[in-house]
Amino acid sequence: MTKKMSMSTSKTSLVLFLCQIISALDVPLDSKLLEELSQPPTITQQSPKDYIVDPRENIVIQCEAKGKPPPSFSWTRNGTHFDIDKDAQVTMKPNSGTLVINIMNGGKAEAYEGVYQCTARNERGAAVSNNIVIRPSRSPLWTKEKLEPNHVREGDSLVLHCRPPVGLPPPIIFWMDNAFQRLPQSERVSQGLNGDLYFSNVQPEDTREDYICYARFNHTQTIQQKQPISVKVFSMDSLNDTIAANLSDTDIYGAKPVTERQPVLLTPTGSASTKVELRGNVLLLECIAAGLPTPVIRWIKEGGELPANRTFFENFKKTLKIIDVSEADSGNYKCIARNALGSVHHVISVTVKAAPYWITAPRNLVLSPGEDGTLICRANGSPKPSISWLANGVPIAIAPEDPSRKVDGDTIIFSHVQERSSAVYQCNASNEYGYLLANAFVNVLAEPPRILTPANKLYQVIADSPALLDCAYFGSPKPEIEWFKGVKGSILRGNEYVFHDNGTLEIPVAQKSNAGTYTCVARNELGKIQNEVQLEIKDPTMIIKQPEYKVIQRYGQVSFECIIKHDSTLLPTVTWLKDNDELPDDERFLVGKDNLTIMNVTDKDDGTYTCIVNTTLDSVSASAVLTVVARPNPPFDLELTGQLERSIDLSWIPGDENNSPITSFVVEFEDALHEPGVWRYQTEVPGTQTMAQLKLSPYVNYSFRVIAVNRIGRSQPSEPSEQYLTKSASPDENPANVQGIGSEPDNLVITWEPLKGFQSNGPGLQYKVSWRQKDVDDEWTSVIVANVSKYIVSGTPTFVPYEVKVQALNDLGYAPEPSEVIGHSGEDLPMVAPGNVQVHVINSTLAKVHWDPVPLKSVRGHLQGYKVYYWKVQSLSRRSRRHIEKKILTFRGNKTFGMLPGLEPYSSYKLNVRVVNGKGEGPASPDKVFKTPEGVPSSPSFLKITNPTLDSLTLEWGSPTHPNGVLTSYTLKFQPINNTHELGPLVEIRIPANESSLILKNLNYSTRYKFYFNAQTSVGSGSQITEEAVTIMDEAMASRQVDIATQGWFIGLMCAVALLILILLIVCFIRRNKGGKYPVKEKEDAHADPEIQPMKEDDGTFGEYRLFSFVSSAPI
């Protein structure tokens, strides 16, 4: 929209007049206003300039116009008035200028050929239509002619002429046969623009008698047919046979064979021609050439390029087509026809002319009395068109004079117009190729202001957006527009507002403060009017949580969020799109209030998802991409190339990576000869490779498959490749993990890991097993065995070293010489016990044992270590019946000492030592006795406090469970405790070791005491036991305590408890003796000799204790 401009009042120059047209009144397209304003006629619809009609139908010549008052219509025919009232076949439609000529009721279209022009007239002027040329279409019959058959020699060129009758419009030409089938066309045979059928060279298959040219006349919907044309092609062979049949044997005969010929143009002829085409039309240039082989056509433009995007080639490149031509397309176009023998060319000089076309067509003027204006009519063409003016359909030179009008070439200047200056002016621009006719009226009006915008119209806009408040108006002279804020506010001015020429007030950045009532005032010299409108400012709609880019695996679930914030008075609607289209109609797509969820995602769900939020005032959107990833599709089209004895090249085509790049390819193979159906790993290559060179083994029937790997996982295996069988060969390798280990003292078991099937390299896989005693035998002893994994050599010395080797062989030979390994024949139990066993007691719980190693020869096997058996014989502080626990400590290798932890103080122990090999344990050394010294005792077994009185307490205790030596005394410590748990002074009493009770006297009554009690040996004090007790309050309480003990109810309760305990003891005794098992076991334990107790077999684990129990009587 243009900004409001002030108008100059100067009228002294054409430049100013041209500027003043900008200020001419625009009449709004308001139906009510248009009904009220006077307006000159305007042609709204008319028939085309060149109007070809169907002679069998009524002729309708259109002419519609509008104006106020409604215009009347008249016609001219061939330049003179056409009185339709005098022709019964011609009528004019009501309220219209359209003519209907009745042909179907006896009229003839030819009688109404001519040039027609319509005039629409009212009191303000007259508008005229174009000159409408009426011509009935024609489809004449073909003239009869006698057509001679065409006899053509093979390879010659041929033109079949169509020469259709001249019709209106020209007919469409095509060639068919008697069966109404179009004749096939090619580079060799094609139809020209003139309808003729051209043969660059004829072939025997061109012989036929029904070459028929058809002409289709679209206006009359008729097709005319030319008489069939016969073509007979004589081949050289048939022609020679004919000549031979008519000559004697002595005559020389023979036609020349088909000879190749260089190109010759059939159309156009000569080396150059010219063509004129009109601007905007389609340029068609044609070159058809004869020649054998069939020539190929090429087009160039001399001194330039063929226009891009507008150039097309048709009819097998024989026709050059350029659409929408302009003067720039003028120039020389060269066609070149070429075959193997040469070329020929033709230059077409093209000139583009132009019928008149508008540069500036005149526009209607609405002026106020006293105003100025201009009508401009500018056109171009080639040649340059001439401009002429008419007023109300009359040449302006002979039209009634108007002092306000001045003609200056292509411009009419109006100065200080009056209402009588209203008229319709016609501009005619013409040259030899056509004309243009335009109507433009000058309408002089005097009208008070009118505001066309509805009163109190409500405008709603989003904050920070432009607000456009309309004030559509009309008046003549053109009114001035002013805006006010509120009903009685001041006039609006300043940079905050933009005032448009059409009366619109623009607030470029509307804020909440701009809301309210606005008043528009329109005034001119004939009056004043105002109108109020309302403006409301709304909060913008925002997406505060946008959907985010997601990567999801196939068959997973994904959600996109779209959380919005909007003005409370606006109702938003949320729409989701996929790739800018509607979501698929699929129940997997769940649209929630603020999210979109896709269940069970598939590959086709991949794309861009957009959340669109619409209100009546604004729209926002946000998009996110969903990438669906999956394991890759399996590779395909596996191909084996470069087959060699020990290698082959495998290539493949990767499958779809499913949006996750392939990181590697894994190649697997199957050996159908040895392990059919078993696929093994061959190699792995990077994901950028699609080929691998594979190493092969002999005597394997290979098939390969490829697995693609990406971040998601592995694809399904590809289809297997073709099979490839390698030739047999002797083995490349020998068995692995060869060992020689005896299972008995007199044998050697040789074992190995057999070769796999594909490692055999050929049929007849066997093994050559060889052995010899190390450092004794010079010669190897060998045996060939079948495809097994072990061989046993019998009669060997016990545990001697052997050199062992195993060599693979098959029907084609031996593997390379194998490496030797050292093995040993079978082990036997050791023969000698360790000697000089010594024990050094470190403290009451730890001792160190020493022994001398046995000779290695007596071990008779691999020395694994020594075992120390030790057990407690008795406690030196008391004799008691107890279970003996034998413990075992194992020391690895050739160690000759060890520590014995966890001993009990003041006890007697025995131990022996044995050597261990792979077969088992040797004999035990003589038992060695040692004693542990005294230690500190354990805590007393119990401490009881009884018989409390006012000032005394009785203490009873039990001796320590583990005295760990000879008890020398007990120590009692005690102290009072007050109500706040504070401890009083500590009293200590020494008690002889043979005492078991003590009465403490002279204590405070009703006082709590804490007691600490422990035992001592000569080594020191043991851990203490603690108790607490309280003296009683007075004698009465003491007597009541005695009375309770003598009460009958208390005695009865004690008797019941005793009876219950007796019953439980009887039940336990019966269950214990059921079956007699436990007494027998106890009896055996009681009389067992600790030296001959059965020993539990060692399982060879080092560093563990082994415990053996028996009952013994030991002195206290």
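What follows is a walk through a predicted model, from the whole chain down to a few sheets, a pocket and a single proline.

Because the model is predicted, local features need pLDDT of at least 70 and side-chain atom pairs count only at pLDDT 80 or more, while totals for chains, interfaces and linings use all residues. Residues are numbered from 1 along each chain as its sequence is written, and side-chain values use heavy atoms, with hydrogens and water left out.

Starting with the overall picture, the chain holds 7 helices and 87 strands (DSSP runs numbered from the N terminus, H or I of at least four residues for helices and E of at least two for strands). Of its 1116 residues, 42% count as buried, where buried means under 20% relative accessible area, exposed over 50% and partly exposed in between, with a 1.4 Å probe and protein chains only. Taking contacts as heavy atoms within 4.5 Å, 66% of those with a separation of 6 or more join residues 24 or more positions apart.

Now for the sheets. Strands of a sheet pair through backbone hydrogen bonds, either parallel or antiparallel. Here, two strands pair if DSSP finds at least two bridges between them. One open sheet has 3 strands in the order β13-β16-β15, with antiparallel pairing. Its edges are β13 (158-160) and β15 (189-191), each with a single partner strand, so one side of each has no neighbour in the sheet. From one strand to the next, the twist averages 15° (axes are lines fitted to C-alpha atoms, for helices over the stretch in contact, and angles run from 0 to 180 degrees between N-to-C directions). Between β13 and β16 (residues 197-199) there are 3 bridges, and Leu160 sits opposite Leu197 of β16.

Another open sheet of 3 strands, also antiparallel, runs β30-β35-β34. At its edges stand β30 (373-376) and β34 (405-408), which have a single partner strand each, so one side of each is left free of a neighbour in the sheet. The twist here averages 20° from one strand to the next. β30 is joined to β35 (residues 411-414) by 4 bridges, with Gly373 partnered by Phe414.

Further along the chain, β85 (residues 1008-1016) has 7 of its 9 residues buried, so this strand is largely enclosed by the rest of the structure. Antiparallel to β85 runs β82 (residues 969-977), over 9 bridges; Thr971 faces Asn1014 of β85. β86 (residues 1025-1030) also pairs with β85 in the antiparallel sense, over 6 bridges, and Tyr1009 stands opposite Ala1029 in β86.

As for open space, the second largest pocket takes in about 230 Å³. On a 1 Å grid over the protein atoms alone, a pocket is an open set of points with protein on both sides within 12 Å along at least five of seven lines, and lining residues have an atom within 4 Å of a point. Grid points are joined across faces, edges and corners, and the volume is the space filled by probe spheres set on them. Of the 17 lining residues, Gln117, Thr119, Val128, Leu390 and Gly393 come closest to the centre. The largest share of the lining, 3 residues, is from β9.

Finally, Pro508 lies in the loop between β44 (505-507) and β45 (516-524), partly exposed at a relative accessible area of 30%. Beyond its neighbours within four places in sequence, Pro508 touches Ser465, Pro466, Glu496 and Val498.

Methods
1 Å grid on protein atoms, 1.4 Å probe; cavity = no way out; pocket = protein on both sides within 12 Å on 5 of 7 lines; lining within 4 Å.
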